[in-house]
Amino acid sequence: MRLLALENLCVRRGNRIVVDGVSLEVSGGEVVGLIGPNGAGKTTLMRAAQGLVAYSGTSSLADLSARDRARSAAWLPQTRDIAWPISVATLVALGRTPYLAGGRKLSAADRAAIDTAIDRMDLRALAQRTATELSGGEQARALIARVLAQETPLLLADEPVSGLDPAHQIATMRVFAGLAADGRGVLVSLHDLGLAARHCTRLALMHRGRIVADGAPREVLSDARMRDVFGVGGHWSEGPDGPAFHVVEGIPA
């Protein structure tokens, strides 16, 4: 099932084109990794897809009403500010806000979604801690749990593993894979190409505002694209757990 469809999406800032005619689809069962150098337009693309910045072209998600959009897609931005000194459990419970119109209180189903999200992000021991007093990595996990509690068909996450320790980076990507296995879709921007190659079903490579490659990780992370887009080399290897991708300093000849 198609969960997001972008067609010829463009974003301008003054005279500069930041996103240049991007067409992209995300379906249920996919973890699509949005990769590319700094300034490629990844964050702007994800924001425009939700109608959070002015754009031209079409976005199936931005066309929805605010309420329907909140029930169709959860958004995890790069910024991780937690404004109020509330408990982790209360922070995660905010993910249920789209379903609480009219002053409705949390139901058993809401509480189950909150508990599942807390457990998925390994936060049970921190659930009653004040979120603003946690480390940066712990706060990041709490905010990921909040969007998981929203239980939308689509999740958009902008650099969600930045600042997490290696174990929780891998655990988070496995959570995303689990969502895809359940028929949901994930669009996630990543700078760690090894994680992207290992855990994403598909990669979309942005460069200078455009999608220059979209396909299987091995196809997208070719020597030529690594050289042309990132200015570094790349190496695929086979390990006991499957293929792995490594960035190398030298540029392939």
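What follows is a short tour of a predicted model, going from the whole chain down to one hairpin and two arginines.

Taken as a whole, the protein chain folds into 9 helices and 11 strands. Its radius of gyration comes out at 18 Å, close to the 18 Å that the globule rule gives for 253 residues, so the chain is as compact as a globular protein of that length. Laid along its principal axes, the C-alpha trace spans about 60 × 45 × 35 Å. As for what is tucked away, 48% of the 253 residues count as buried. Looking at contacts with a separation of 6 or more, 65% of them link residues that sit 24 or more positions apart. On the outside, the chain exposes about 11900 Å², and carbon and sulfur atoms supply 50% of that area. The chain also carries 28 positive and 26 negative charges, and the mean positions of the two sets are 5 Å apart.

Next comes the hairpin. Strand β10 covers residues 233–239 and strand β11 covers residues 242–248, and the two pair in the antiparallel sense over 7 bridges. Just 2 residues lie between β10 and β11 in this hairpin. Within the pairing, Glu238 stands opposite Pro243 in β11. As a rule, side chains in a regular strand alternate between the two faces of the sheet.

Two arginines in helices make a handy pair to look at. Arg120 belongs to helix α4, which runs over residues 108–120. Is Arg120 buried, exposed or partly exposed? With a relative accessible area of 33%, Arg120 is partly exposed, because that value falls between the 20% cut-off for buried and the 50% cut-off for exposed. Setting aside neighbours within four places in sequence, Arg120 touches Leu148, Val175, Leu179, Asp182 and Arg184. Gln150 is 30 residues from Arg120 in sequence, and their C-alpha atoms are 13 Å apart in space.

Arg141, for its part, is found in helix α5, spanning residues 136–149. Here the relative accessible area is 8%, which is under 20%, so Arg141 counts as buried. Again leaving out neighbours within four places in sequence, the contacts of Arg141 are Met121, Asp122, Leu123, Leu126, Leu164 and His168. Asn38 lies 103 residues from Arg141 along the chain, with 23 Å separating the two C-alpha atoms.

Note on methods. Residues are numbered from 1 along each chain as its sequence is written. This is a predicted model: local features need pLDDT of at least 70, side-chain atom pairs count only at pLDDT 80 or more; totals for chains, interfaces and linings use all residues. Side-chain values use heavy atoms; hydrogens and water are left out. Two strands pair if DSSP finds at least two bridges between them. Helices (H or I, at least four residues) and strands (E, at least two) are DSSP runs, numbered from the N terminus. The radius of gyration is taken over C-alpha atoms; the globule rule is 2.2 Å times the number of residues to the power 0.38. Buried means under 20% relative accessible area, exposed over 50%, partly exposed in between (1.4 Å probe, protein chains only). Contact means heavy atoms within 4.5 Å. Accessible areas come from the Shrake-Rupley method with a 1.4 Å probe; for residues, only the protein chains shown count as cover. Lys and Arg count as positive and Asp and Glu as negative; His and the chain ends are not counted. The place of a charge is taken as NZ of Lys, CZ of Arg, CG of Asp or CD of Glu.
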